[in-house]
Amino acid sequence: MNRRTLTLLVALVPILAFGVLASVVTVPFVALGPGPTFNTLGEIDGKPVVDIEGTDVYPTSGHLNMTTVSQRDQLTLGQAMALWLSGRDQLVPRDLVYPPDKSKEEVEEANTTDFRRSEDSAEYAALQYLDYPMAVTVENVNEDGPSAGKLQAGDAIDFVNGKPVANLEEFQEQLKDTKPGDTVVLDYRRKDGPPGTATITLGKHPERDQGFLGIGVLDAPWAPFSIKFNLANVGGPSAGLMFSLAVIDKLTTGDLNDGQFVAGTGTISGDGKVGSIGGITHKMLAAREAGASLFLVPAENCEEAKSAPQDGLELVRVETLEQAVDALKTLSAGGERPHC
């Protein structure tokens, strides 16, 4: 073997070693980038993303797209470098996405719970905007509790032992002196069904002496029809705003978006407040690539959004659901929209 060949082989060793390391060794980073978008006015797997049954639903057009952030975990060194060099993805320490004191499954379960709660909040916010009356509403029923099989999530409770209850305070007042073994009679209204009466024998709660119904209730706007969101968990509560807008669009005449391609993001509270989210710049890129021309931005995310503008994507600042609706109405009626 001559000197030139030996020199070449020696030079190739670290290159080959690096190549092996790049393809095998994983790095403690997660790649975040633009994820898929979903039209909340459209369908997925043959079902409406926002499905309303039991009342008149009006035709819609255009798009009200919710946006997502993609996550790629367990990256090799080579994959991480390629994603970073692409300029489309951001590498963040894995502990920021998956805290070391929680398993990946626990984080994903928490995200799923947040997503489901955002669906309830989206429904309440939309119904409140549309002026549906408040009621003592069953939020959940314990599977093995005294009310299982008698009450359902979504029921509105109107009377306790024959006495009217208009809000949560009055409901709790009627139950405060009960004890385990007592019987209570609840008159309720049910979505997509006739009103009914449930006679329930109260159980025992491990942390208090009062009789236990085994339900969670809250004051919430109530409507005699059902709203279902047919979209699997896409990562936390950030779809809330766009879900609410889709409900409003379907329950009112005309096109809220003037038939245009609108996208956005933001959490929503039951009273219609829009909250901040993560990954705003990735969501903006996803929206622009999908064809959006207007993007609804939570007010608290505006500064970050302005740091990475997308050509042809108008950034509209929103703090409440009402502001978002008003901004969209200007698409057909004219007028100024609040911008970031």
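In this predicted model, the side chains of K283 and S238 are joined by a polar contact of 3.0 Å, a polar contact being a pair of N or O atoms within 3.5 Å in which, within protein, one can donate a hydrogen and the other accept it, and residues adjacent in sequence count only if both atoms are side-chain atoms. UniProt, in an unreviewed entry, gives both S238 and K283 the feature "active site"; such annotations may be inferred rather than shown by experiment, and their positions follow the numbering used here, with feature names shortened. The two span 46 residues in sequence, yet their C-alpha atoms are no more than 10.7 Å apart, so they gather at one spot.

The surroundings of each residue come next. S238 sits in the loop between β15 (226–229) and α6 (240–251), while K283 belongs to helix α7 (residues 280–290); helices (H or I, at least four residues) and strands (E, at least two) are DSSP runs numbered from the N terminus. S238 is buried at 11% relative accessible area, and K283 is buried at 3%, where buried means under 20% (1.4 Å probe, protein chains only), exposed over 50%, and partly exposed in between. Beyond neighbours within four places in sequence, the contacts (heavy atoms within 4.5 Å) of S238 include T67, T265 and I277. Among those of K283, again leaving such neighbours aside, are T67, T265 and I277.

Residues are numbered from 1 along each chain as its sequence is written. Local features need pLDDT of at least 70, side-chain atom pairs count only at pLDDT 80 or more, and totals for chains, interfaces and linings use all residues, while side-chain values use heavy atoms, without hydrogens and water.
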